[in-house]
Every structure is written in C-alpha cells, then in structure tokens.
Amino acid sequence: MKKIINTLVFIIFSLVVSASAQHPDSLIQNLVLQTNLDTLIHYVEILSGEQSAIINGQASLITSRYAGHAHNDLAADYIHQTLQKTGLPTYDQNYSSNGRNVYAVQAGTTFPDQQFIVCAHYDDMPSFGAAPGADDNASGTAAVLEVARILSQISTPYTIIYALWDEEEMGLVGSAYYAQQAAQAGDNILGVVNLEMFGWDGNDDSTIDIHTRPVGNSLQLAGFIEDIQSIYQLGLFPVTYNPGTTASDHSSFWNQGYTAVVFSQAFYGNDMNPYYHTAGDRTTVFNLGYFYALSRLAVATVAHLVHYNMILDISFNHEIIPGELLLSQNYPNPFNPWTTIEFDLPDSRFTTLTIYNVLGESIATLVSGQLPAGRHTVLWNASGFPSGLYFYRLATDNSQETRKMILLE
Ligand SMILES: [Zn+2]
C-alpha cells in the first residue's frame with residue numbers, strides 16, 4: 001500500500017533561449033513566401049476559359065470542364081502538361097472511357113513509401129453551355145499546381161502525390177477509383193488534403209471551413225491545419241466541422257479508412273458562392289486576398305506534413321493508459337510568459353515533463369526524477385521564446401501523454 005501524499009512542487013526555471021527554437025520554421029516560411037498570386041490567377045483564368053493557353057502545342061480556350069464535354073480532356077491535358085513542367089513524373093489514370101485522373105509523384109528521400117496527397121477535382125458544372133467553374137474548382141486545382149511548382153524545387157523526406165480528380169461532380173468517381181486502388185495495393189497514405197473552392201468570401205470575414213470525421217487521424221489533421229494557420233499568421237479564421245461534409249473527394253479516402261480533410265470557403269459557415277454551378281462562376285467575383293491566403297495555407301500545410309509528418313510524430317502522439325489521465329491542460333492558455341502545468345500521480349513514479357517546439361525538438365526539461373504520489377504543479381516561464389505552438393509531454397514508468405499550448409507575444 002502506498003501512502004498518498006499531496007505534494008505541491010513549484011519548479012521555476014529561467015530558461016536559456018535555444019538556437020533551434022525557430023518559430024515559425026524558416027524553411028516552411030520561405031516556401032510559403034514563394035506562393036505567387038499572379039501564377040495562381042493565371043492557372044484559374046486558363047482553366048476557366050478567361051484566357052487561352054498552349055495545350056498540346058496549339059493555342060486553346062477551355063470553355064467547360066464538365067465531365068461530358070470535350071474540353072474536360074483538354075483541361076486534363078493542360079493539368080498534365082503543367083505538372084510535367086515541374087520535372088516530376090506525371091501520370092494519367094484512365095479509369096473509364098471518359099474518366100481520367102492526373103497526378104504527379106514526388107518521391108520522398110527518407111520515407112518513400114509514406115505518402116501525403118494534396119488534391120482537388122478539376123471537372124465542373126453546369127452540364128450545358130459555358131461552364132467556367134473558376135471557384136468550383138479551378139481555384140483548388142490552381143492551388144495544387146502551385147504547391148507542386150513550389151515544393152518540387154526541393155527534396156522532401158516523405159512522398160507527395162499531387163492529384164487532380166475527374167468526375168467529382170458525378171459522385172466522386174475519380175477519387176473513389178484512386179482510393180480503392182490505393183487501399184487494395186496497401187498504399188501507406190498518411191494524410192489527404194483536399195482543396196475546394198478557394199475564391200469566394202462574400203462577407204469578407206476571412207472565415208474558412210475545415211471538414212473532418214473520426215477516421216484515421218483526420219481529427220488531428222484538422223487541428224494541425226488550424227495550428228498552421230496561426231503559426232504562419234495567414235489571416236484566416238478556420239472553423240472545423242465534425243462530422244464534416246462528405247460532398248467532396250476527401251470522403252472517398254474516409255471510405256477506405258484513410259486520414260483526410262478538406263478545407264474551403266465557408267459553405268457551412270453560410271457564405272456560399274451564389275454563382276455556384278452557373279456560368280457566372282468567374283474570377284471577376286473572386287476575393288483575391290482570400291484566394292491567396294487559402295493557397296498559402298495549402299503550401300504551408302503540405303510543406304510541414306512532408307517535412308515533419310507532424311500529425312503522427314509530434315502533436316498527437318498520445319499514448320494514454322486506459323483509465324489513467326494524468327496530465328491536465330495548462331492554464332492560462334494561450335499564455336505569456338507564465339503558464340501552469342498540473343498532473344496527478346496515482347503512486348510514486350520516475351517522471352519527466354519536457355517542452356517541445358513545433359519541430360519536435362526538446363527545448364526544456366521541467367521535471368526529471370522520482371516524484372511522490374499526488375498532484376504536482378509546475379510553472380513554466382517562456383520569456384525569450386518565440387510565440388507559437390509548443391507541446392508538453394509527461395512521461396512516467398508506464399504512461400506518456402502530450403498536450404499542446406500556445407505562447408502569444
Ligand atoms: Zn467542387
């Protein structure tokens with residue numbers, strides 16, 4: 001039998017700034033800064049028939065990307081040829097006489113078998129007449145092409161697949177085919193980031209939707225994207241919906257048990273593009289700053305995932321013994337510069353409490369030693385550390401828990 005001792009331990013550290021505590025991460029920040037609005041608009045204008053492009057060696061104007069329209073294939077050719085310009089191997093996946101997905105593969109240098117997919121559908125509506133589909137979904141397609149243009153210039157530890165799906169509007173046909181093939185082949189897809197409708201912000205409130213469901217690590221991936229938004233200060237206000245919509249291609253991956261989310265303009269947030277699926281869905285009604293911010297969020301998210309595999313390695317590596325939740329959420333949170341971390345030990349244990357930066361680097365050890373049973377309270381002074389996301393991990397002989405906290409300057 002152990003005697004219960006209520007102990008209050010104050011451990012106050014004055015911390016030395018670690019040179020490695022760069023925040024936000026400079027590599028990712030540099031990639032985000034390469035996001036080019038002119039390039040994005042150029043892609044959308046070509047895909048939505050505002051300007052012609054050289055496709056298959058001749059000047060062509062894409063007047064519709066509807067699945068049953070001849071220009072749907074012309075759009076696929078344009079996407080294929082644009083991805084090829086990155087130098088990456090680019091493929092067509094013809095899954096029916098009319099259906100064609102287009103994708104490029106950037107093999108990971110350290111973990112080539114572990115993949116992240118960034119994707120969008122390129123087909124559009126309406127089924128008759130001119131179908132520019134600028135917002136739905138030339139905008140998401142353009143963002144995938146822009147992520148490919150930027151990230152293809154560097155090597156990445158994890159594999160990236162840049163995928164543009166056909167026949168989303170016909171019932172997620174292209175993505176369902178791909179996801180089924182991937183599941184059958186046992187592809188190790190760590191996460192799918194689906195980009196939908198980036199151009200419309202009718203009330204100029206910069207709100208975006210993130211849609212997730214409890215499949216794989218999808219809830220964590222949604223939280224991670226919210227974190228990325230705040231770390232890189234992209235000026236957006238994300239709202240996460242769980243259970244989120246199944247009305248786009250990420251849902252095809254949920255059906256196979258894969259981690260996937262979509263982010264988009266605020267269509268659950270009551271700010272749907274009124275020109276949706278009409279001939280009025282054009283770049284002329286875009287909120288360009290919003291389109292740019294969402295595209296930067298896509299670059300930052302994918303860049304972080306393929307460099308650090310954040311969703312699995314750091315933020316959400318919870319290993320909790322059933323019935324035993326030792327670690328409480330710190331308070332205040334967000335904080336500056338002081339915060340309090342509390343935990344309860346059911347018996348005397350060797351215990352460590354460690355702070356990590358967003359890169360997963362250990363920057364401070366607050367506790368390391370044999371502690372008695374009971375509640376323990378530890379203060380952390382983060383003066384001198386850059387603002388942003390941090391993690392604290394409590395490890396004992398037989399448990400490990402990690403939580404997030406945010407330092408605001
Ligand atoms: Zn769409």
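## Overall architecture

The chain contains nine helices and 16 strands, as assigned in what is a predicted model. Taken along the principal axes, the C-alpha atoms of the chain fill a box of roughly 80 × 40 × 40 Å. The radius of gyration of the chain is 23 Å, which agrees with the value near 22 Å that a compact globule of 409 residues would have.

Of the 409 residues, 49% count as buried. Among the contacts in the chain that link residues at least 6 apart in sequence, 77% join residues that are at least 24 apart.

## Strand E10 and its enclosure

Strand E10 covers residues 260-265, and six of its six residues are buried, so this strand is largely enclosed by the rest of the structure. The burial criterion behind this reasoning is that 20 or more other C-beta atoms lie within 10 Å of a residue's own C-beta atom.

## Pairing partners of E10

Which strand runs parallel to E10, and how many bridges join the two? Strand E7, formed by residues 188-196, is joined to E10 by five bridges in a parallel arrangement; within this pairing, Val 192 has Ala 260 of E10 as its bridge partner.

Strand E8, formed by residues 207-211, is joined to E10 by four bridges, and these two strands run antiparallel. Here Ile 210 stands opposite Phe 263 of E10. E10 thus has a parallel pairing with E7 and an antiparallel pairing with E8. In a regular strand, the side chains alternate between the two faces of the sheet.

Technical notes:
Residues numbered from 1 in each chain as written. Predicted model: local features only at pLDDT ≥ 70, side-chain atom pairs only at ≥ 80, totals over all residues. Buried ≥ 20, exposed ≤ 12 C-beta atoms within 10 Å, placed from the backbone. Pairing = 2+ DSSP bridges. Rg over C-alpha atoms; globule rule 2.2 N^0.38 Å. Contact = placed C-beta atoms within 7 Å.
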